[in-house]
Amino acid sequence: MSERITDPRAASWYEASARARLDGLLDSGSFAEILGPEQRKMSPHLPLFDLPRAFDDGLVIGSGRLDGRPVLVAAQEGRFMGGAFGEVHGAKLVGLLRAALGLKPAAVLILFDTGGVRLQEANAGETAIAEVMRAITEARAAGIPVIGLIGGRAGAYGGGGLIAGTCSRLAVSEGGRISVSGPEVIETNKGAEEFDSRDRALVWRTMGGKHRRLIGGADTFVDDTVAAFREAALALIGRAPAFDLATLEAEQARLERRLADFGECRDATEIWSRLGVNDPAAVPGLTAADFDALVAGLRETGHDAR
Amino acid sequence: MSHWRREQAERDARIAAGRTHASGKVVPAGRAVDLLEAILRPGDRVCLEGDNQKQADCLARALSLCDPAKVHDLHMVQSGIVLPEHLDIFEQGIAKRLDYSYSGPQGGRIARMLFGGQIELGAVHTYLELFARYFVDLTPQVALIAGVSADREGNLYTGPNTEDTPTVVEATAFKNGVVVAQVNEILDRVPRVDIPGDRIDFVVEADRPFYVEPLFTRDPAAMTETQILMAMMAIKGIYAEYGIRRLNHGIGFGTAAIELLLPTYAEKLGLKGQIATHWALNPHPTLIPAIESGWVRQVHCFGSEVGMDRYIRERPDVFFTGADGSLRSNRAFCQTAGLYACDLFIGSTLQIDLMGHSSTVTQSRVAGFGGAPNMGSDPHGRRHPSDTWMKAGREAQTVGDPALMRGRKLVVQIVETFGDKLVPAFVERLDALELARKIGLELAPVMVYADDVTHIVTEEGIANLLLCRTLDEREQAIRGVAGYTEVGRGRDRAMVESLRARGIVRRPEDLGIEPLDADRSLLAAKSIKDLVHWSGGLYDPPARFRNW
């Protein structure tokens, strides 16, 4: 007798492994892995540090179907080295994105769960971040939407946050976080008075899913289930914006306006208040449905930039 | 001419000196140092209330600012050494001698100061021992305590964290001592009177609310599958088999996992109402799902927990609450309840040796005992039977007249074979022995002695020490669940298998548990937010535990 929940779509995205997320995200049985763990493409660097390796280097890539349509997918395993980018991990993602140019899938889905670049192979990791961003822009320029799904334990930090910024659309859940410098990094450099990394409510209202959705940093806010991310991915593919000069200029204008409007705010709740949220303190406690209703009535949150 | 009222006369003199800084009983925070210098005498025995959670921090700061020329050589008798000021006063010469119980966060510094001779140590106690000594040979001359509010007569509302206060005040006020209370606010009328005003001599309005540490919050998001597996084994192999209704849990993740498996795994096993109904326990947030699913009949608390106040207030059938609706905790009574009225204690530890002695001491830290040795011991003074207690007694009895058999309390250690940073939990020799030698402790700081431990649960299985008949069997039973530690690898395989055949060592499969089923989906709550949902929004977790 198994005690476990068996419906992969009912599972919590935050709790699920990279493979479990893919299992529930794609049409049942459609996933075909590229460079699977049996090929043992592992980090050449970690043994130098006496650190354990993973057969897939913490990234699962492949093709599958989403509601019948062909997609390419990449899922980071946040439980292996915080989902961090190393040489093999990064190369697999770059290769997948470049393959999209020839395969012309309906979309590339990136399931982010990363703290950024792996310190032990930092040069290779940083290079990979740059190559991934370039590959994403090339895919988008070729008309292939790149959709980021963010709701894992590690969030999308460091280079992962930068890559997320180049995607066509992003879906985020409450547990998901998007930023470049992590809370501990900010505290270490600027002091606990500037940013207390142990104050998790502060961390989440500054970097968490709801805040990113409210300021237009993500395009959809979803419940923490695999099913909700699947629905969001389907909807976002259909809403991917054009990738042209007009879009980039609109994004530049939006970011300038954002800085002018909110630059002096000391806390996310002040930003929410200026956005027109009546009771900013209540935002973190809202359910996804109530939050969606709130977002629908605000400016700034919907745009085609990026 | 009376020779029988010397202490009273001294008390009157202290109070008269203190009154010059007070308006009635009330002293502003800015005069707290003057007050303490007026009422304290060199060499006084002083209880500066430092509980497991609640801290008289304003008075601690004031004491550390006293002039060591006026106030010196104090003998501190307090349960918790928690704040830096608690040790600063020893460096300054204000205090000299110490009798205490628990020093969690200051464990490293207190070890250095003991080693350096800056503290003259009386003894490290369990809570109940120290409380008992308040009434025999460690009665305070001055008690500096903390409450939420007071009126001008000194009637004191302690709030949900009553903890040690009634015990400290009882010993001090009724034996010619002076009691000073710091409060967050002074009201015309307090919500409820926890300490009557005629036992409080001075009330200091603190500059900021007293500090309470959230010690009992375990985030379900950090719970591992190994901990879940151990919790499944404890539920099926111990709780169900002994029918444990009355119990106390430690504060580790293993026991928190048990709490979160009651409404799911234990429910499927059909154990609802059969186990875990009556508790001596702080209000653990991880107990909320079990309470909400109707598992828990009642809970008596040592102290409270940050963020649980509104929830407790709305669940008076479960918790002990006052006429005002808020929790009434009491450490002395709850410790007594855990010792005499519970059939099981289960908790974690850092080191277990080959006989089953355990300790939370490492070579560089003296964390003290707190209440665990009281909970984790078999009270020989117990005289009331229960099915659980009698079953354990029958398992333990080897010789003698069955008519004279007495029961046994179940004392269970639940540990992963490798702890934090992959340090082995099983050792040949406890670090506590080396520490005792180094700093000259007469008694090695053993948390739970081998003769009190009845079961050890690890991810490898359960060792039932009650059923062991020789020391050799006992050692092999412990090695038999010690996994890949040195101790575990040193086992006699044939003997462990024979112990397994006798049910002394049991593996998950012997209990009908599939280790792959130990999955986080079994947790009734997987995050702090889930706990908030379970509580109907009544639980208000502190910011550091929120990820929304």
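Two strands count as paired here if DSSP finds at least two bridges between them. I kept that in mind while going through this predicted model.

**Entry 1: the sheet in chain B**

I started with the open sheet of eight strands in chain B, and noted its order as β14-β13-β12-β15-β18-β19-β20-β21, with mixed pairing. The edge strands are β14 (298-300) and β21 (505-506) of chain B, and each of them pairs on one side only.

Then I zoomed in on one pair. Strand β19 (residues 455-458) and strand β20 (residues 461-464) of chain B run antiparallel and are joined by four bridges. Which residue of β20(B) stands opposite Ile456(B)? I found Ala463(B) there.

**Entry 2: domains of chain B**

I looked up how chain B is divided. I have domain 1 as 8-212, domain 2 as 215-230 + 243-342 + 516-538, and domain 3 as 343-506. For domain 2 and domain 3 of chain B, I read a distance of 24 Å between the C-alpha centres. Their contact takes 19 residues from domain 2 and 19 residues from domain 3 of chain B.

Which elements of domain 2 give two or more residues to the side that touches domain 3 of chain B? My list is α8 (225-242), β12 (246-249), α9 (253-268) and α12 (331-340) of chain B. By class, that side of domain 2 of chain B has eight nonpolar residues, 10 polar and one charged. β12(B) also turns up in the sheet order from my opening entry, between β13 and β15.

**Entry 3: a helix pair in chain B**

Next I checked helix α1 (residues 6-19) against helix α2 (residues 32-39), both of chain B. They pack at an angle of about 155 degrees, and their axes are 8 Å apart. Angles over 145 degrees count as roughly antiparallel, so I put α1(B) and α2(B) down as roughly antiparallel to each other. The crossing of α1(B) past α2(B) is right-handed.

From α1(B), I see Arg14(B), Ala17(B) and Gly18(B) meeting Leu35(B), Ala38(B) and Ile39(B) of α2(B). I sorted the residues of this contact into four nonpolar, one polar and one charged.

**Entry 4: the sheet in chain A**

Over in chain A, I found an open sheet of seven strands, again with mixed pairing, in the order β1-β2-β3-β4-β5-β6-β7. β1 (32-34) and β7 (220-222) of chain A are at the edges with a single partner strand each, so one side of each has no neighbour in the sheet. From one strand to the next, I get an average twist of 25 degrees.

Do β5 (residues 146-150) and β6 (residues 169-173) of chain A run parallel or antiparallel? They run parallel, joined by four bridges. In this pair I spotted Ile150(A) opposite Val172(A) of β6(A). Helix α1 (residues 18-25) of chain A packs on the sheet and touches β2 (59-66), β3 (69-76) and β4 (107-112) of chain A. I noted about 160 degrees between the direction of this helix and that of β3(A).

**Entry 5: a helix pair in chain A**

Helix α2 (residues 87-103) and helix α3 (residues 122-141) of chain A pack at about 15 degrees, with axes 9 Å apart. That makes α2(A) roughly parallel to α3(A). I logged the crossing of α2(A) past α3(A) as left-handed.

The contact includes Leu93(A), Val94(A) and Leu97(A) of α2(A), and Ala128(A), Val132(A) and Ile136(A) of α3(A). By class, I have 12 nonpolar, two polar and four charged residues in the contact of α2(A) with α3(A).

**Entry 6: between the chains**

Last, I looked at where the chains touch: 13 residues of chain B are in contact with 16 residues of chain A. The chain B side divides into five nonpolar, two polar and six charged residues.

How values were computed
Residues numbered from 1 in each chain as written. Chains lettered and ligands numbered in written order. Predicted model: local features only at pLDDT ≥ 70, side-chain atom pairs only at ≥ 80, totals over all residues. Axes fitted to C-alpha atoms, helices over the stretch in contact; angles between N-to-C directions. Parallel < 35°, antiparallel > 145°, perpendicular 65-115°, else oblique. Left-handed = near helix turned anticlockwise from the far one by under 90°. Contact = placed C-beta atoms within 7 Å. Nonpolar A, V, L, I, M, F, W, Y, C, P; charged D, E, K, R; others polar. Domains from an automatic or database assignment.
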